[in-house]
Amino acid sequence: MHIRNVLVCGATGQLGTYITNGLLDSPDDFNVSILVREIGLQDPSKQAVVTVLQSRGAKVVFVPDVSFTLEGLIESLQGFDCVISAVGTPSVESQYIMLEAALRAGVQRFIPSSWGFDFDKLPQDVHPVWDAKRKFHQTLIDSDMDYTIICLGVIYESFFTPFFRFDLQKRRVLTRGDPDAKFAVTSYSDIARWLPKMLLDPACRNAHVNVYSQIVTFREAVECFEEAAGAPFNMEIESRASPWRCGQANCWCGFTDCVLYIIAQGGAVIDNAWNVARGEQSTSMREFAERVVTRRLPALTYLAIRGEKTLHSPSHTRVARSRNAIMVESVLSDDFPWPVLSADCG
Ligand SMILES: NC(=O)c1ccc[n+]([C@@H]2O[C@H](COP(=O)([O-])OP(=O)(O)OC[C@H]3O[C@@H](n4cnc5c(N)ncnc54)[C@H](OP(=O)(O)O)[C@@H]3O)[C@@H](O)[C@H]2O)c1
């Protein structure tokens with residue numbers, strides 16, 4: 001059956017905003033709604049995103065947090081053909097109740113909040129978030145719901161940021177692992193363009209769909225930045241050692257290290273990409289680096305100076321989230337509207 005009525009969960013998040021905007025660009029194909037928790041609207045930056053998406057035609061399904069129950073959700077999900085989840089990593093578990101409600105509401109397809117490495121390649125027990133995502137995937141596959149599990153490697157927009165330990169002001173990056181290991185990178189704007197087409201492609205029903213914008217190495221990515229900036233960038237490799245165990249001496253800890261570890265192991269290469277097979281246009285790392293340097297470097301530098309370490313995990317705290325939103329606005333506002341947030345840049 002044709003997918004027309006689409007509900008995005010997590011639409012006020014980084015990825016969710018892009019996805020929702022991409023769907024809104026295809027008004028002849030989709031009626032787009034967003035599921036918004038009223039509690040989230042206490043954050044003015046989220047309220048601003050909702051206003052923009054509404055102005056572009058998204059219908060808002062508000063759910064008061066207290067009634068974020070199975071019964072409430074079943075009612076909220078009535079009439080939708082597809083639920084697309086872009087909830088942040090701390091909320092992966094919330095997808096179980098969403099799936100249950102979607103099944104009972106007669107939703108046809110569920111797209112889980114995967115949006116990362118190819119989970120078939122990823123070893124177990126590297127990071128609990130990935131194990132939790134994989135576990136949910138299995139529940140979804142075993143259910144009566146149609147699914148599309150989308151893997152895309154690393155998001156471009158997390159590059160050249162403190163998440164990957166880039167210091168743009170000092171033109172320095174401190175990394176670990178193998179800087180010559182290949183890995184897949186994908187831009188938010190490419191996903192936003194491809195997702196509507198995936199929903200219309202019968203081959204994406206009950207399938208793992210791999211996509212990527214480019215396969216690069218860490219060293220090549222830094223070279224792209226050097227070329228774009230017209231100045232050398234110093235890459236320091238802190239440790240080539242792997243694997244590691246958190247908690248031990250000289251350990252690699254934290255999510256960034258886990259990502260670098262997977263890259264070093266060759267586990268972040270994506271094969272059989274849907275977009276490559278279809279000849280879809282994609283953004284290169286060079287284009288992305290140029291975009292960062294020529295258009296928005298000052299704002300990114302501002303954030304780097306502030307030394308924020310949680311920029312990439314906006315849902316961890318509200319402050320970090322709105323700072324991250326500034327970063328997204330700073331880098332990519334030419335693609336999508338984020339009118340209010342830049343005022344916070346100071
Ligand atoms: N591969 C990569 O490099 C990469 C990079 C970034 C993200 N990702 C993945 O992309 C996905 C989205 O991440 P993100 O960074 O875009 O997330 P994010 O910015 O933290 O946004 C999360 C969104 O989910 C909503 N949300 C949280 N809990 C919810 C719940 N229980 N029910 C409904 N909505 C809820 C939040 O809104 P409220 O709290 O206001 O409700 C917010 O809109 C994740 O799976 C993440 O792992 C991958």
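This is a short walk through one protein chain and the ligand that it surrounds.

Bear in mind that the model is predicted. Every value I quote is computed from it.

Let me start with the whole chain. It has 346 residues, and 44% of them are buried. The secondary structure comes to eleven helices and 13 strands. Now the contacts. Take those with a separation of 6 or more: 79% of them join residues 24 or more positions apart.

Next, the ligand. Which residues come nearest to it? Gly 10, Gly 13, Gly 40, Gly 88 and Ser 91, out of 25 around the ligand. By type, the shell holds 14 polar residues, nine nonpolar and two charged. Three elements each supply at least two shell residues: helix 1, strand 2 and strand 7. Helix 1 gives the most, with three.

So, stay with helix 1, which runs 14-24. Is it buried or exposed? Eleven of its eleven residues are buried, so the helix is largely enclosed by the rest of the structure. The buried set includes Gln 14 at one end of the list and Leu 24 at the other, with Tyr 18 and Asn 21 also among them.

Strand 2 is another shell contributor, covering 31-37. It is mostly covered as well: five of its seven residues are buried. Its partner is strand 1, residues 5-9. The two pair in the parallel sense, over five bridges. One bridge to look for links Leu 7 to Ser 33 in strand 2.

While we are on strand 1, look at Asn 5, which sits in that strand. Asn 5 counts as partly exposed, because it has 16 C-beta neighbours inside 10 Å, and a residue needs 20 or more to be called buried. Leave out residues up to four places away in sequence, and Asn 5 touches Asn 31, Gly 79, Phe 80 and Asp 81. There is also a spacing to check: Asn 5 and Asp 29 are 24 residues apart along the chain, and their C-alpha atoms are separated by 9.0 Å.

On to helix 2, residues 44-55. Does its length come out short, long or as expected for twelve residues? At 1.5 Å a residue the helix should span 16 Å, and its end C-alpha atoms are 16 Å apart, which agrees. Its buried residues are Ser 45, Lys 46, Val 49 and Leu 53. These cover an arc of only 100° around the axis, which puts them on the same side of helix 2. Note that a lysine is on that buried list. After the helix comes Gly 57, with a positive phi near 115°.

Now a loop residue. Val 92 is found between strand 4, 82-85, and helix 4, 95-105. Val 92 is buried, with 21 other C-beta atoms within 10 Å. What does Val 92 contact, leaving aside neighbours within four places in sequence? Val 87, Ser 113, Val 129, Ala 132, Lys 133 and Phe 136. Take Ser 113 from that list. Val 92 and Ser 113 are 21 residues apart in sequence, yet 7.1 Å apart in space, C-alpha to C-alpha.

Last topic: two sheets. Strands of a sheet pair through backbone hydrogen bonds, either parallel or antiparallel.

One is an open sheet of three strands, in the order 7-10-12, with mixed pairing. Strand 7 and strand 12 are the edge strands, each pairing on one side only. Strand 7, at 154-155, also supplies at least two residues of the ligand shell. Strand 10, residues 182-186, pairs with strand 12 in the antiparallel sense, over four bridges. Within that pair, Ala 184 stands opposite Ile 215 in strand 12.

Another open sheet has three strands in the order 8-9-13, again with mixed pairing. Strand 8, 166-167, and strand 13, 234-239, each have a single partner strand, so one side of each is left without a neighbour in the sheet. Strand 8 and strand 9, residues 172-176, pair in the antiparallel sense over two bridges. Asp 167 has Arg 172 in strand 9 as its bridge partner.

To recap the ligand site: helix 1 gives the most residues to the shell, and eleven of its eleven residues are buried. Strand 2 contributes too, and five of its seven residues are buried.

Definitions and conventions. Residues numbered from 1 in each chain as written. Predicted model: local features only at pLDDT ≥ 70, side-chain atom pairs only at ≥ 80, totals over all residues. Near = placed C-beta within 6 Å. Nonpolar A, V, L, I, M, F, W, Y, C, P; charged D, E, K, R; others polar. Pairing = 2+ DSSP bridges. Expected span 1.5 Å × (residues − 1). Buried ≥ 20, exposed ≤ 12 C-beta atoms within 10 Å, placed from the backbone. Arc of directions from axis to C-beta. Contact = placed C-beta atoms within 7 Å.
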